[in-house]
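Hi,

Here is the structure I promised to send over. Have a look at it first, and then read on for what turned up.

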Amino acid sequence: MKFFNKVTVPVGEIHIIKDRCKGCGFCVEYCPRDVLELSDEFNTKGYHPPRVKDPGRCINCGLCEMLCPEFAIWSTLKEEREAVIEG
Amino acid sequence: MKADHRKKIGVFICHCGINIAGVVDVNKAREEIGRYPGVVHSEDYIYMCSDPGQNFVKEAIKEKKLDAVVIACCSPTLHETTFRRTVESVGMNPYQCEIANIREQCSWVHEDKKAATDKAMKITESVIEKLVLNESLFPVTVPVTRRALVIGGGIAGIQAALDIANAGYEVLLVEREPSIGGHMIQLSETFPTLDCAQCILTPRMVEVGHHPKVKLLTYSEIQEVSGYVGNFKVKILRKPRYVIEDKCNLCGECEKVCPIAAPCSFEGNLKVRKAIYIPFPQAIPATYTIDADKCPGFLPIACGKCAEVCEPKAIDFDMKLEIIEEEVGSIVVATGYELYPPKMIGEYGGGKYEDVIDGLQFERILSASGPTNGEVRRLSDGKVPKRVVFVSCVGSRDPENHFPYCSKICCMYTAKHAMLYKHRVPDGEAIVFYIDIRAGGKRYEEFVTRAQEEDKVLYIRGKVSKIFKDGDELVVMGADTLSGKQVEIRCDLVVLSMAMTPSKRIEETVKKLKIQMDEHGFLQEAHPKLRPVETLTAGFYLAGAGQAPKDIPDAVAQASGAASKVLDMFSKDELEHLPIVATVDEDLCSGCGVCVPLCPYEARVMEIRDGRKIAAVNEILCEGCGSCVSACPSGASQQRNLKDDQIINVVEVMLTDGKGEF
């Protein structure tokens, strides 16, 4: 959709320490932007760590970081960019 | 002939000029009716409803000590009240006066004088037979809560609320959106004076927002209405805005950090806003609102960036949906309109092309506070359009495909749009396609003429058949019916004057209110001419474009009309209700309950009395429709003064000859 004005929104970058993950799935379940999914790969503990499926949608809200029991995931601000609205 | 001789009856036959006397032999009718059992006085007069006519009735009642009177004249919908008041003034119970309709049901529909005279007598006799069993009735009275509810905070709702509040009564003003103002606050300038809509509306908004007698409930919806005229109980759902109104100081820091963007519906989706937003700077109440559908912050501790930067600590994610209960005596429904979506007209490319927009979007483009700060630009490339085509009657006056009705205001606002465009872009060209120009209103025709003559707006009489894109231009194909030629116009922007439709969610609200809608979903008035602000359900009044398409002056006038009806009600200590209601003979009622779901007014309820179930009637709610009476299998339910034996009397007279033979 096109608009007369432009607003910028933050885009987050997600960092995952795969080997710390124990596959609880909290980050996948509670991400308000539905950015994550559990991957097929195994980590050294034998769990499926999360994977970023839609990097552009992360708003750096930091919920995954708050929820992760193993301190295995966090986000940082990647850039501020023009909001795109589909539809 | 079996009239009860216990009542002394007077019969008064009206000539209604020649309306009745031209067909019915009133002299013969008077003489013969005078001999009918129970009739002790019969009289005819040229206009019974005139003062002398009414005086004859009064004199006869006094002299002959009449117990009941029949007036044989026009329909009871016209003069029943007149004559009931007449007899009441000389001490007779008004329900001992009945009307025999010998005009609409006889003289107006017959030519044969003899047959018509016989029929007029039959009708009169049948009414006599009903009347002998009439009881003297007294109005049902009910206390009144002197507090009003106004649904809808547009110009009509604001005006109604102010009028009621200024008269000293409390008003609840309920608005669904985060701010009051309605569609009027979206407008740039208003016809025919071209004064800025915000400049004239915001003072009213401020007044209603700060009025000590007005309780403003924005971001709220009506959930349930129960009770009856004078005594409504209303449940109002208050949606959480997650911002404490009194604490928010409009600093706007929250908006800067909010990571979610969404189209702004106030700006006709021409502008993007954040999930925390204020629809427009003069919003009342002056506060930001969080769009809960877009905000990620409701999960525990997610985001919350707005709350972090909010200095006055106005953001409260724990705010809950609240349901409040209020008691009111009357309700003004001012639910307003919406524009028919342009995407419904596929051949015009509405919703497909960015540069085919509707009237409200163009209002925003023209508005000094709009997305372009009043500069006329088009959305696709930001260019100033050098030729703009305005199409009127889009969806209106099109019974085959869309709506048969005229949306009333489009002729005027199209002229205004074209005029304002020419003021902003003097070297631009404005072209209007129209079916015909309907400029009925004070200084309206002059306004359209001014657009045509002073501002050189080109008017083409004809319909547009198709709009399509060619390069960065739009091509409008249509007919010029005055020259009889097909026309093809290349332009930069098209503004569609979309039909006005009732507010989308009106249907849900109307169902809760139990008021009527017309075939298009507009609110139904009680009478199209004589009761334009009332509904058929007592206690509900209408204002604004929810009832029919109308412009601002009409909406304001109707709102003041509705307010005056409310004040009329509040001026009384008790409300009176017609006593022609259903009754239940408790000894006959078997408690089957078949009447309860049939009642359209929820006036029938089951009660337990002496250990058994019986039906009861709430006389205030009963409108006397008779559904329950006809359905009652044991004959326990009867309507006052329309009891079964009265109706059988009437039918018997109508079906038998003078000797009682069928």
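Below are my notes on the two chains, going from chain A to the contact and then into chain B.

Before anything else, please keep in mind that this is a predicted model.

Chain A first. Two helices and four strands make up its secondary structure, and read from the N terminus the order is β-α-β-β-α-β. Its C-alpha trace spans about 50 × 20 × 15 Å along the principal axes. Of the 87 residues in chain A, 26% are buried. As for the contacts in chain A with a separation of 6 or more, 64% of them are between residues 24 or more positions apart.

Now the place where the chains meet. Chain B puts 19 residues in contact with 18 residues of chain A. Which elements give two or more residues to chain B's side of this? They are β13 (261-263) and β14 (272-274) of chain B, and β13(B) gives the most, with three residues. Sorted by class, that side of chain B has 14 nonpolar, two polar and three charged residues.

Within chain B, the sheet I'd look at is an open one of five strands, in the order β20-β27-β21-β22-β23, with parallel pairing. Its edges are β20 (356-358) and β23 (458-461) of chain B, each of which pairs on one side only. From one strand to the next the twist averages 25°. If you want to zoom in on one pair, take β22 (residues 429-434) and β23 of chain B: they run parallel and are joined by four bridges. One residue to click on there is B:Val432, whose bridge partner in β23(B) is B:Tyr459.

A helix goes with this sheet. Helix α10 (residues 410-424) of chain B lies across β21 (387-394), β22 and β27 (493-498) of chain B, and runs at about 175° to β21(B). The same α10(B) also packs on helix α11 (residues 444-453) of chain B, at an angle of about 35° and with the axes 9 Å apart. That crossing is left-handed. On the α10(B) side you'll find B:Cys411, B:Met412, B:Ala415, B:Ala418 and B:Met419, which meet B:Tyr444, B:Phe447, B:Val448 and B:Ala451 in α11(B). What classes of residue are in this contact? There are nine nonpolar, no polar and no charged residues.

The other helix pair on my list is α2 (residues 51-64) and α3 (residues 76-89), both in chain B, whose axes come within 9 Å and cross at roughly 40°. That angle makes α2(B) oblique to α3(B). Here the crossing is right-handed, whereas the one between α10(B) and α11(B) is left-handed. From α2(B) come B:Gln54, B:Val57, B:Lys58 and B:Ile61, and they meet B:Phe83, B:Thr86, B:Val87 and B:Ser89 in α3(B). By class, this contact has four nonpolar, three polar and one charged residue. Set that beside the contact of α10(B) with α11(B), which has no polar and no charged residues.

If you only have a few minutes, I'd start with α10(B), which lies across β21, β22 and β27 of chain B and packs with α11(B) as well. After that, have a look at β13(B), which gives the most residues to the side of chain B that touches chain A.

Cheers

Conventions. Residues numbered from 1 in each chain as written. Chains lettered and ligands numbered in written order. Predicted model: local features only at pLDDT ≥ 70, side-chain atom pairs only at ≥ 80, totals over all residues. Pairing = 2+ DSSP bridges. Axes fitted to C-alpha atoms, helices over the stretch in contact; angles between N-to-C directions. Contact = placed C-beta atoms within 7 Å. Parallel < 35°, antiparallel > 145°, perpendicular 65-115°, else oblique. Left-handed = near helix turned anticlockwise from the far one by under 90°. Nonpolar A, V, L, I, M, F, W, Y, C, P; charged D, E, K, R; others polar. Buried ≥ 20, exposed ≤ 12 C-beta atoms within 10 Å, placed from the backbone.
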